[in-house]
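Reader: I am new to reading protein structures. Could you go through one with me, feature by feature?

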Amino acid sequence: MSFNILAERLAPLHPVDEAILDFKVRAPRIVEEIKQNQADIICLQECDNWDSYYKPQFDEMGYQSAFQGRSNLKTEGIAILYKEDKYTLLETEGIDLDDVSKSYPERSDLFLHANTAMLCLFEMKDTKSRFIA
């Protein structure tokens, strides 16, 4: 499952009813949507309020997680959640896409400022098969 949960600071940029975009309304709905889907692995974008809200919620649901903050705003970023009863996280690598863009100055139009990426190497507990998410 992949989900852009819309960082709180970016919500006002969207022309939608403010009551819907309010974090106190939106965040529990996001958690409930994820809970209902019961995905084994979840990739989240535009995560903020990670330590104070989302991480404890997902911990209660049996997920472990890895978080990578943006290069200019470490409290907002991306997260990969996984069910700890099914997978072992072996390695995590954060990638600052600002650094990557410097290698391709002729294609700077492909890179947005302060974006980040993360690769996680997992092992399935039952088969010992490995994969990257």
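Reader: Is Asp40 buried, partly exposed or exposed?

Author: Let me set the scene before answering. This is a predicted model, in which local features need pLDDT of at least 70 and side-chain atom pairs count only at pLDDT 80 or more, while totals for chains, interfaces and linings use all residues. Residues are numbered from 1 along each chain as its sequence is written, and side-chain values use heavy atoms, with hydrogens and water left out. Now the term: buried means under 20% relative accessible area, exposed means over 50%, and partly exposed is in between (1.4 Å probe, protein chains only). Asp40 has a relative accessible area of 24%, so Asp40 is partly exposed.

Reader: Thanks! Which side chain does Asp40 meet in a salt bridge?

Author: First the general idea: side chains of opposite charge can pair when their charged atoms come close. The rule used here asks for a side-chain nitrogen of Lys or Arg within 4 Å of a carboxyl oxygen of Asp or Glu. Asp40 meets Lys86 in this way, at 3.1 Å from N to O. The two come from distant parts of the chain, 46 residues apart: Asp40 sits in the loop between H2 and E2, and Lys86 in the loop between E4 and strand E5 (87-96). Those labels are DSSP runs numbered from the N terminus, with H or I for helices of at least four residues and E for strands of at least two. Lys86 is partly exposed because its relative accessible area is 37%.

Reader: How many salt bridges does the structure hold?

Author: The structure holds five. One of them joins Arg70 and Glu76, 2.7 Å from N to O. Arg70 has a relative accessible area of 13%, so Arg70 is buried. Glu76 counts as buried because its relative accessibility is 1%. Another salt bridge joins Glu123 and Arg130, at 3.1 Å from N to O. Here the partners fall into two classes: Glu123 is buried at 14%, whereas Arg130 is exposed at 56%. There is also a network, in which salt bridges with shared partners join Arg9, Arg70 and Glu76.

Reader: Now the inside. Which residues have the most contacts in the largest nonpolar core?

Author: In soluble globular proteins, nonpolar side chains tend to be buried together. A nonpolar core is a set of buried Ala, Val, Leu, Ile, Met, Phe, Trp, Tyr and Cys residues joined through side-chain atoms within 4.5 Å. The largest one has 17 residues, and those with the most contacts inside it are Leu44, Trp50, Tyr54, Phe58 and Leu81. Helix H2 (23-37), E2, helix H3 (50-60) and strand E4 (77-83) each supply at least two of its residues. H2 gives the most, with five residues. A second core of nine residues lies apart from it and includes Ile41, Tyr82, Met118 and Phe122.

Reader: What does Phe58 touch?

Author: A contact means heavy atoms within 4.5 Å. Leaving out residues up to four places away in sequence, Phe58 touches Val31, Ile34, Leu44, Trp50, Tyr63 and Leu81.

Reader: I see many rings. How many aromatic pairs are there?

Author: A pair of aromatic rings is described by the distance of the centres and the angle of the planes. Rings of Phe, Tyr and Trp (its six-membered ring) pair if their centres lie within 6.5 Å; planes under 30 degrees apart count as stacked, over 60 as edge-to-face and the rest as tilted. By this rule the count comes to ten. Trp50 and Phe67 are a stacked pair, with 5.6 Å centre to centre and 15° between the planes. Trp50 belongs to helix H3 and Phe67 to strand E3 (residues 63-69), 17 residues apart. Trp50 is buried at 5%, while Phe67 is partly exposed at 28%. Tyr82 and Phe122 are edge-to-face, at 5.0 Å and 65°. Tyr82 lies in strand E4 and Phe122 in strand E6, 40 residues apart, and both are buried.

Reader: Which residues form one aromatic cluster?

Author: Phe23, Trp50, Tyr53, Tyr54, Phe58 and Phe67 do.
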